[in-house]
Amino acid sequence: PGATRVSAVAQEATSFAVSVIVPTFNRLQFLPAAITSLREQSETDWQLIIADDGSDDATRAYLRTLEAAPRVTILWLAHSGRPAIARNAALRVACGEFIAFLDSDDLWLPHKLARQLASLRRQPQRHWGYTAFELIDASGRRRRRGAPATPGGWILEALLTERTVIALPSVVVRRALLER
């Protein structure tokens with residue numbers, strides 16, 4: 001893929017409680033609601049990094065309206081079609097103690113970040129956590145519900161036997177763990 005261009009508003013070397021990574025590609029019909037669900041969080045010490053994977057003009061026009069907002073960084077990427085590339089580009093500029101993933105078509109409940117960060121801080125031996133989630137189709141119908149297998153402990157067996165599913169937008173992880 002081509003070179004990455006960071007938005008004109010440079011992020012200072014500030015640290016945040018959490019860097020929220022949003023990869024996107026032509027998701028204008030969902031993206032504003034996803035960003036609103038972040039802005040409505042009770043936890044306000046966040047940095048937003050949107051990694052645009054070569055979206056069309058309409059999506060880019062919306063993203064340009066966010067560029068000057070405090071705590072927001074837009075990464076303008078050449079289209080790769082691979083969300084992992086967009087997420088990894090965003091990880092390279094993240095400066096939060098924790099990293100959270102929000103897909104451009106997902107919504108968070110207002111206390112999601114605050115509760116997860118509080119839980120991880122109460123248990124410093126834990127370096128990541130995930131939450132329950134619901135999959136909702138375009139018509140608003142619930143399609144699937146996922147819940148943590150246990151309040152803590154080893155989850156590999158539950159994952160392998162599909163007794164639990166981890167949705168990436170439910171994950172919060174210490175940046176230091178990802179860097180290792």
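Here is a friendly exchange about a predicted model and how its parts pack together.

Biologist: Before we start, what kind of model is this, and which pLDDT do local features need?

Modeller: Residues are numbered from 1 along each chain as its sequence is written, and side-chain values use heavy atoms, with hydrogens and water left out. This is a predicted model in which totals for chains, interfaces and linings use all residues, side-chain atom pairs count only at pLDDT 80 or more, and local features need pLDDT of at least 70.

Biologist: Happy with that! Which residues of helix H4 are buried, and how wide is the arc that they fall within?

Modeller: Helices (H or I, at least four residues) and strands (E, at least two) are DSSP runs, numbered from the N terminus, and buried means under 20% relative accessible area, exposed over 50%, and partly exposed in between (1.4 Å probe, protein chains only). In H4, which spans residues 112–122, the buried residues are Lys112, Leu113, Gln116, Leu117 and Leu120. Seen down the helix axis, they line one face of H4, because the directions from the axis to their C-beta atoms fall within an arc of 110°.

Biologist: Which exposed residues sit on the face of H4 turned away from that side, and what do the buried ones pack against?

Modeller: The face turned away carries the exposed residues Arg115 and Arg122. With contact meaning heavy atoms within 4.5 Å, the buried residues of H4 pack against strand E2 (16–24), helix H1 (31–39), strand E5 (96–101), strand E6 (128–129) and strand E9 (172–174).

Biologist: Lovely. Now the charges: which residue does Asp103 meet in a salt bridge?

Modeller: A salt bridge here is a side-chain nitrogen of Lys or Arg within 4 Å of a carboxyl oxygen of Asp or Glu, and the structure holds six of them. Asp103 lies in the loop between E5 and H4 and its partner in helix H3 (residues 83–93), so the pair ties together parts that are 16 residues apart in sequence. Asp103 is buried at 17% relative accessible area, and the partner is buried at 16%. With 2.8 Å from N to O, that partner is Arg87.

Biologist: And how far apart are the closest N and O atoms of Arg121 and Glu97?

Modeller: Arg121 is partly exposed at 41% relative accessibility, and Glu97 is partly exposed at 38%. The two form a salt bridge whose closest N and O atoms are separated by 3.6 Å.

Biologist: Which helix holds both Glu179 and Arg175, and which residues are joined into one network by salt bridges that share partners?

Modeller: Glu179 and Arg175 meet in a salt bridge of 3.1 Å, N to O. Both lie four residues apart, about one turn, in helix H6 (residues 175–179). Glu179 is exposed at 58%, whereas Arg175 is partly exposed at 23%. As for the network, its members are Glu97, Arg121 and Arg174.

Biologist: On to rings. Which residues form the aromatic pair?

Modeller: Rings of Phe, Tyr and Trp (its six-membered ring) pair if their centres lie within 6.5 Å, with planes under 30 degrees apart counted as stacked, over 60 as edge-to-face and the rest as tilted. A search of the whole structure finds one aromatic pair. The pair is stacked, 5.8 Å centre to centre with 25° between the planes, and consists of Trp128 and Tyr130.

Biologist: Which residues lie over the faces of Trp46 and Trp108?

Modeller: A charge sits over a ring if NZ of Lys or CZ of Arg is within 6 Å of the ring centre and within 35 degrees of the ring normal. Over Trp46, at 3.8 Å from the ring centre, lies Arg71. Over Trp108, at 4.7 Å from the ring centre, lies Lys112.

Biologist: Last one! Which residues have the most contacts inside the largest nonpolar core?

Modeller: A nonpolar core is a set of buried Ala, Val, Leu, Ile, Met, Phe, Trp, Tyr and Cys residues joined through side-chain atoms within 4.5 Å. The largest one has 26 residues, and E2, H1, strand E3 (46–52), helix H2 (57–66), strand E4 (72–76), E5 and H4 each supply at least two of its residues. A second, separate core of 14 residues includes Ile49, Ala90, Ala94 and Val173. In the largest core, the residues with the most contacts are Val20 and Leu48.
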